[in-house]
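Subject: Structure for you to look at

Dear colleague,

Here is the structure I said I would pass on. My notes on it follow below.

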Amino acid sequence: MTELPRIPLAGVIGHPIAHSRSPALHGHWLRRYGIKGHYIPMDIAPQDLAEALKMLPRLGFVGINVTIPHKEKVLALADVVTDRAALIGAANTLIFRKDGKVHADNTDGAGFMANLRQYAPHWAPNAPVALFGAGGAARAVIAALIEVGVPEIRIANRTRLRAEQLRSDFGAKLVVHDWVHAGEMLRGAGLVINSTSLGMTGKPDLRLPLEELERGAVATDLVYTPLMTQFLIEAQERGAHVVDGLGMLLHQAAPGFERWFGKRPEVDEALRDAV
Ligand code: SKM
């Protein structure tokens, strides 16, 4: 009997996972390109992570996206870790190779930059950046900003110690500020980024002294529910050029889809309605 080819499976693991827009996005691409495959959301509790990574390749998975709270832990469980995932200290894209090895990469920083290039093409890395938040997403963004050559990243976090930690991991381009001095951070900045969860539906808004913001500066939010956060609304009122966070999710997904399903998907406006 001839064996039928296996339909490739991919998915996203997290805990919780029901909020994820990745299944809608990858499902849309699979249909758009007529590819036989499935992309499945999986709620994996932390204590089951190691076992899940062993089982998924055996069940026909060719790779997965990884989201909170597993992004750091998967590094220790992977066989091959890219330099950028190691620098960031987290992975969001795993490839289950045919030789049985688990390959871990991080595409969040590239997703951030691609979103910025798409929606703020005039932005240039020639002025300081003000960054709020010091979590996993901030690490990916910092690595990408340093790579494109920004002169200075001013960072503030509610827990200052976490920002100090980033300073020691990423070096002298990072200047740690106290949140109460946010006004100083905004003065002369060409780009302002919210990488905290403030502004997400159900959470308090990010409040900044935006009167200090230069007209024409770019303001971007990693939060994408809602698309226009209060921070972006206020920044726009102050004359900033705003970029919402949905594009980062769309762009970070493309490399994984290409590796798993063999087609580089297009990131275009139609996706914004599809997810
Ligand atoms: O890095 C991404 C991840 O690949 C998928 C995701 C999601 O599905 O919500 C969010 C981010 O962590």
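How many bridges join strand β1 (residues 9-14) to β2, and do the two run parallel or antiparallel? Six bridges join them, and the strands run parallel. Please keep in mind throughout that this is a predicted model.

**Sheet**

Within the β1-β2 pairing, Gly 14 stands opposite Asp 43 of β2. Between these two strands the chain passes through α1, and the resulting β-α-β crossover is right-handed. Both strands belong to an open sheet of six strands, ordered β2-β1-β3-β5-β6-β4, with mixed pairing. Its edge strands are β2 and β4 (80-81), each of which pairs on one side only. At the β4 edge, two bridges connect β4 to strand β6 (residues 102-105), and these strands also run parallel. Here Val 81 has Ala 104 in β6 as its bridge partner.

**Aromatic residues**

Six aromatic pairs turn up in a search of the whole structure. In one of them, Trp 29 and Phe 257, the ring centres are 5.3 Å apart and the planes stand at 65 degrees; an angle over 60 counts as edge-to-face, so this pair is edge-to-face. The pair links distant parts of the chain, since Trp 29 sits in helix α1 (residues 22-32) and Phe 257 in helix α10 (residues 246-261), 228 residues apart. Trp 29 has 0% relative accessibility and therefore counts as buried. Phe 257 also counts as buried, because its relative accessibility is 0%.

A second pair is Tyr 39 with Trp 260: the centres are 6.3 Å apart and the planes are at 40 degrees, so the pair is tilted. Because Tyr 39 lies in strand β2 (residues 38-43) and Trp 260 in helix α10, this pair ties together parts that are 221 residues apart in sequence. Tyr 39 and Trp 260 are both buried. These four residues, together with Tyr 33 and Phe 261, form one aromatic cluster.

**Ligand**

The residues around the ligand are Val 12, Ser 20, Ser 22, Asn 65, Val 66, Thr 67, Lys 71, Asn 92, Asp 108, Leu 249 and Gln 252. Polar contacts from side chains include the following:

- Ser 20 has a polar side-chain atom 2.6 Å from an oxygen atom of the ligand.
- Lys 71 places a polar side-chain atom 2.7 Å from an oxygen atom of the ligand.
- Asp 108 has a side-chain N or O atom 2.7 Å from an oxygen atom of the ligand.

**Helix α6**

Does the length of helix α6 (residues 136-148) agree or disagree with what its residue count predicts? With 13 residues at 1.5 Å a residue, the helix should span 18 Å, and the C-alpha atoms at its ends are 19 Å apart, so the two agree. The buried residues in α6 are Ala 138, Arg 139, Ala 140, Val 141, Ile 142, Ala 143, Ala 144 and Leu 145. Just after the helix, Gly 149 adopts a positive phi of about 95 degrees.

**Strand β10**

Val 192 is part of strand β10 (residues 191-194). With a relative accessible area of 0%, Val 192 is buried. Its C-alpha atom is 5.9 Å from that of Val 129, although the two residues are 63 apart in sequence.

Regards

Key: Residues numbered from 1 in each chain as written. Predicted model: local features only at pLDDT ≥ 70, side-chain atom pairs only at ≥ 80, totals over all residues. Heavy atoms only, no water. Helix = DSSP H or I, 4+ residues; strand = E, 2+ residues; numbered from the N terminus. Expected span 1.5 Å × (residues − 1). Buried < 20%, exposed > 50% of the residue type's maximum accessible area, 1.4 Å probe, protein only. Phe/Tyr/Trp six-rings, centres within 6.5 Å; stacked < 30°, edge-to-face > 60°. Pairing = 2+ DSSP bridges. Right-handed = clockwise from strand over helix to strand, strands pointing away. Near = heavy atom within 4 Å. Polar contact = N/O pair within 3.5 Å; in protein donor to acceptor, adjacent residues only side chain to side chain.
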